[in-house]
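Thank you for asking me to look over this structure with you. My comments follow as numbered points, and I suggest keeping the structure open while you read them.

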Amino acid sequence: MAKKPLNIGMVGYGFMGRAHSNAYRRVGNFFDLDYQPVLKAACGRNKDGVKAFADMWGYESIETDWKDLVKRDDIDAIDICVPNDLHVDIATAAAKAGKMVLCEKPIARDTREGEKMVKAVEKAGVANMVWYNYRWVPAVTLIKQIVESGRLGRIFHYRANFLQDWTISPDVPQGGAGTWRLDVEPAGSGVTGDLLAHCIDTAMWINGPIKNLTAMTETFVKKRKDAGSGKVKDVGIDDAAAVMAHFDNGSLGLFESTRYARGHKALYTLEINGEHGSFKWDLHDLNRVEWFDHSVEGQLRGWTSILVTDGEHPYLGKWWVPGLTLGYEHSFVHAVADFLKGLATGKPVSPTFREALETTKVCDAIIKSGKSGRWLDVK
């Protein structure tokens, strides 16, 4: 039976544009789906740059203005892979035009912009998703399933961190194509929206809503040159954040994120401690889960290392034989597969814009608390 084409319009052609394009190209090779993504058009302001990207990944055409892309009748879904300040305008216009919308995280710079995006896609009734890709790492999905089953019993603690070191030098500029994440205007925040948002999203997906929190934030380099003008400007983003939180289920949360942890390029770890057991996971060993089962008696009680590659593990039955591992890029393939399944079944894939907005609300509270030093309710 012929698959239904889903024509993709990609806005942006950087790191995330490549990751998403790879997912669209590979998903049909491994997952039996009703829909087949078609790389219809890539969009970017630099004509030569976007043309080179389109040729590399097999897009049929290019645009240099996202507004022209949104107007096209041959585009079914708009995928937003550009700086955060552009998300709200592109998403609302795409929804108004009747396009499905997929958006890189965080959904927006703040809750106010995110609410506009939620309102737009829900009013238009279009399918929507935010790319919090770590949910789709099979080991993380397995943790979610086991916690949901009740195997851990009552949850006491959830802790996570995301550590990098690439902005330690004061010579790194802010703004521009490569370093816009250091400029508060396009980014909205620093490590909170860029890195900690991943930790928060995964935590609430596994452990439920966050009720309140208090945070420390710090900007270690106070001034940086602007990548465009060369002028020295104040830095408005947070370089580091440490958070204490209460979840609705009564458990405690600890979160840390920084770009000033020398020696760490992308260390994302999480641990969850329950009444009957604990889980640990590390992005650097992403196919493995560490599991402690308190019901094991005597000398055999201890931490167990589970290699998440068997066919009964989440998503793994679609890939290789047991023992052969997956990588970072496969999380995006799984995201596309679930999105396409949702189109066929009518069941929205999580996280929708509305669900991702809850993470942005937490991030807003972190930024606010970092400035005031107070405990804040998440609203």
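**Notes on pockets, salt bridges and surface**

1. The largest pocket has a volume of about 1,200 Å³, and please keep in mind from the start that the model shown here is a predicted one. The lining of this largest pocket is made by 46 residues, and those that lie nearest its centre are Cys81, Val82, Pro83, Trp180 and Arg181. Five helices give two or more residues to this lining, namely H1 (15–30), H4 (87–96), H7 (176–179), H8 (184–187) and H9 (191–207). Of these elements, H9 gives the most, with four residues.

2. What is the make-up of the lining of the largest pocket, when its residues are divided into nonpolar, polar and charged? The division comes to 23 nonpolar residues, 14 polar residues and nine charged residues.

3. The second largest pocket has a volume of about 380 Å³, and its lining consists of 16 residues, with Asp338, Lys347, Pro348, Val349 and Ser350 lying nearest the centre. Helix H6 (138–149) and helix H10 (328–345) each supply at least two residues of this lining. Sorted by class, the lining of the second largest pocket holds five nonpolar, five polar and six charged residues.

4. Turning to the charged side chains, the count of salt bridges comes to 22. Among the salt bridges is the one between the side chains of Arg109 and Glu113, where the N to O distance is 2.6 Å. Which partner of this pair is buried, and which is partly exposed? Glu113 is buried because its relative accessible area is 4%, and buried means under 20%, whereas Arg109, with a relative accessible area of 22%, is partly exposed.

5. Helix H6, which also supplies residues to the lining of the second largest pocket, contains both Lys144 and Glu148, four residues apart, or about one turn of the helix. These two residues form a salt bridge, in which the closest N and O atoms are 3.3 Å apart. Glu148 is exposed, with a relative accessible area of 60%, while Lys144 is buried, with a relative accessible area of 15%.

6. Another salt bridge is the one in which the side chains of Glu358 and Lys361 meet, at 3.2 Å from N to O. Glu358 and Lys361 are separated by about one helical turn, because they are three residues apart in helix H11 (residues 353–372). Glu358 counts as partly exposed at 34% relative accessibility, and Lys361 counts as buried at 17%.

7. Some charged residues are joined in a network rather than a single pair, and I would ask you to find Lys105, Arg181, Asp194 and Arg259, which are linked by salt bridges in this way. Arg181 deserves a second look here, since this residue is also one of those that lie nearest the centre of the largest pocket.

8. My last point is about the surface, where Met244, Leu254 and Trp375 make a nonpolar patch of about 320 Å². Leu254 has its place in strand S12 (residues 252–258). How does Leu254 come to count as partly exposed? Its relative accessible area is 45%, and partly exposed is the class between buried, which is under 20%, and exposed, which is over 50%.

Notes. Residues are numbered from 1 along each chain as its sequence is written. This is a predicted model: local features need pLDDT of at least 70, side-chain atom pairs count only at pLDDT 80 or more; totals for chains, interfaces and linings use all residues. Side-chain values use heavy atoms; hydrogens and water are left out. Patches are made of residues with over 30% relative accessible area and no salt bridge: like charges are joined within 9 Å, nonpolar side chains (Val, Leu, Ile, Met, Phe, Trp, Tyr) within 5 Å. Accessible areas come from the Shrake-Rupley method with a 1.4 Å probe; for residues, only the protein chains shown count as cover. A salt bridge is a side-chain nitrogen of Lys or Arg within 4 Å of a carboxyl oxygen of Asp or Glu. Buried means under 20% relative accessible area, exposed over 50%, partly exposed in between (1.4 Å probe, protein chains only). On a 1 Å grid over the protein atoms alone, a cavity is a set of points where a 1.4 Å probe fits but cannot get out, and a pocket is an open set with protein on both sides within 12 Å along at least five of seven lines; lining residues have an atom within 4 Å of a point. Grid points are joined across faces, edges and corners, and a volume is the space filled by probe spheres set on the points. Ala, Val, Leu, Ile, Met, Phe, Trp, Tyr, Cys and Pro count as nonpolar, Asp, Glu, Lys and Arg as charged, and the others, Gly among them, as polar.
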